[in-house]
Amino acid sequence: MKPNPDRFLSDLHELRSFGASGVGKGVIRPAYSEADIAARAWLAGKFEEAGLEPHYDPMGSLFGLSPEPNSILLGSHSDSQPEGGWLDGALGVIAALEVARAAREAGGPPVSVVSFQDEEGRFGVTTGSTVWSGRLSLEEADQLTDSAGITLAHARAAMSEVTGDFVDPSRFTGFIEMHIEQGPWLWEAGEAAGVVTDIVGIRDMRITFHGEQNHAGTTPMHRRKDTFQALSEFNAAINERFRNVVTPQTVWTIGHVKLHPDAHSIVPGQATFSMQWRDGDADRLGRMEEIIRETADEVAKVRGLEVSYGPMLGLEPVAMNQMLRSALEESAQAVAPGAWRTMPSGALHDATNVAVHMPVAMLFTPSINGISHAFEEDTDEADLARGLEVLAGGVARLGGAKA
Ligand code: GLV
Ligand code: MN
Ligand code: MN
């Protein structure tokens with residue numbers, strides 16, 4: 001099987017033109033945006049040209065189905081963060097397309113391709129693949145809102161003319177997702193590839209402090225029910241209280257804050273913020289949740305505020321399948337002898353959800369400076385081409401075998 005690196009890179013650059021940010025190679029292609037829907041229509045055409053049957057499921061996840069039974073599924077996602085890079089997700093989808101084409105040309109094993117919808121969590125956490133996994137019903141997902149208050153039901157209505165039924169997962173033998181590392185390790189070591197051992201777990205929820213909106217000039221400090229002050233105290237307190245619970249690998253982030261009414265001269269009466277935390281150990285994630293809830297309740301009580309919690313979203317840590325992993329490891333050793341490693345994934349991926357249905361594995365390529373979820377995200381094209389070769393070699397080694 002001989003994947004064509006020029007054809008692959010040319011498609012990858014063409015996909016970048018949908019939602020191009022105009023800053024470096026960045027893209028703005030959040031789930032269900034015009035750019036996302038147009039990119040999926042373009043991809044559907046590419047799948048058709050490659051002899052794959054394009055099929056959208058009810059969430060708008062786009063499959064390119066091999067006409068042969070028992071295909072291996074390859075892919076990732078083509079939606080982006082509100083400010084995203086050109087490779088996060090897109091790399092795995094276009095590499096999958098190229099391997100499917102190369103396999104067909106060489107009479108190799110049958111390959112299907114997927115681009116999941118809303119991996120980047122405009123509405124939840126890896127929403128399209130979570131619904132496909134059955135962990136969240138379509139009805140429940142429809143109630144989720146983005147940070148502007150738009151429901152998923154409303155957003156996905158924009159794709160209602162093209163969507164069909166869910167794809168039966170039993171038609172696939174396994175799933176491999178190629179992705180940029182999004183961290184610094186491979187790049188700093190000058191290595192070409194990482195074969196993933198496991199993907200960390202995540203918890204994510206929205207928290208709101210409800211206080212009292214009032215005049216910023218006339219309200220004495222002791223009479224205020226200022227929700228930003230509460231948020232600031234909450235943040236300092238959890239950093240302190242996590243100390244005895246976390247490891248150097250544990251991470252937590254408040255990445256979105258909305259103050260109401262968001263004005264210089266008004267004491268904010270409401271503060272809504274995202275609280276996300278990740279770790280490889282499910283018990284630790286649970287302990288962190290207790291600390292978060294206890295601390296927010298306590299801060300609210302002391303300041304005379306109310307606190308409310310949105311739905312708790314999350315994914316458990318997941319180990320990769322040994323047989324798929326070994327195929328990728330052998331291929332990595334053949335393509336880049338001594339210049340690859342096994343490693344955990346600190347980023348989330350659709351593979352976590354797909355593992356409910358079938359064996360899964362992941363392959364990483366280096367990220368320049370370890371930057372991702374930013375317009376500056378990039379990877380040397382020689383590394384992208386080497387990654388493609390490792391993926392194709394892994395698929396060829398599996399040769400259609402069921403993991
Ligand atoms: C996925 O993009 C993540 O946030 O890890
Ligand atoms: Mn991604
Ligand atoms: Mn991402």
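Let's start with His373, which is partly exposed in this predicted model, with a relative accessibility of 40%. That value falls in between the cut-offs, since buried means under 20% and exposed means over 50%. What does His373 do here? Its NE2 atom helps coordinate the manganese ion (ligand 3), alongside Asp88 (OD) and Glu120, which contributes OE atoms, at 2.1 to 2.4 Å. If you like patterns, walk along the chain and you'll find these donors with the spacing D-x31-E-x252-H. Asp88 and His373 are 285 residues apart, so to speak two distant parts of the chain linked as a pair. Asp88 sits in the loop between β3 (71–77) and α3 (90–105), while His373 sits in the loop between β17 (360–365) and α12 (381–398).

Now stay with Asp88 for a moment. Is this residue buried or exposed? Asp88 is buried, because its relative accessible area is 6%, and the cut-off for buried is under 20%. Asp88 also coordinates a second metal: the manganese ion (ligand 2), found 3.5 Å from the manganese ion (ligand 3).

Next, on to the charged side chains. How many salt bridges does the structure hold? There are 23 of them. One of these joins Asp79 and Arg40, at 4.0 Å from N to O. Asp79 is in the loop between β3 and α3 and Arg40 is in helix α2 (residues 34–49), so this bridge ties together parts that lie 39 residues apart in sequence. Both Asp79 and Arg40 are buried.

Other bridges stay inside a single helix. Take Lys46 and Glu49, whose side chains meet in a salt bridge at 3.9 Å, N to O. Both belong to helix α2 and are three residues apart, or about one turn of the helix. Their surroundings contrast: Lys46 is buried, with a relative accessible area of 14%, whereas Glu49 counts as exposed at 65%.

Helix α3 has a pair of its own. Arg101 and Glu98 form a salt bridge, with their closest N and O atoms 2.8 Å apart. Because they are three residues apart in helix α3, about one helical turn separates them. Arg101 and Glu98 are both buried. And here's where the story of the two helices comes together: salt bridges that share partners join Arg7, Asp11, Lys46, Glu49, Glu98, Arg101 and Glu105 into one network.

Methods:
Residues numbered from 1 in each chain as written. Chains lettered and ligands numbered in written order. Predicted model: local features only at pLDDT ≥ 70, side-chain atom pairs only at ≥ 80, totals over all residues. Heavy atoms only, no water. Donors = N, O, S within 2.8 Å, 3.2 Å for Na, K, Ca; no water. Helix = DSSP H or I, 4+ residues; strand = E, 2+ residues; numbered from the N terminus. Buried < 20%, exposed > 50% of the residue type's maximum accessible area, 1.4 Å probe, protein only.
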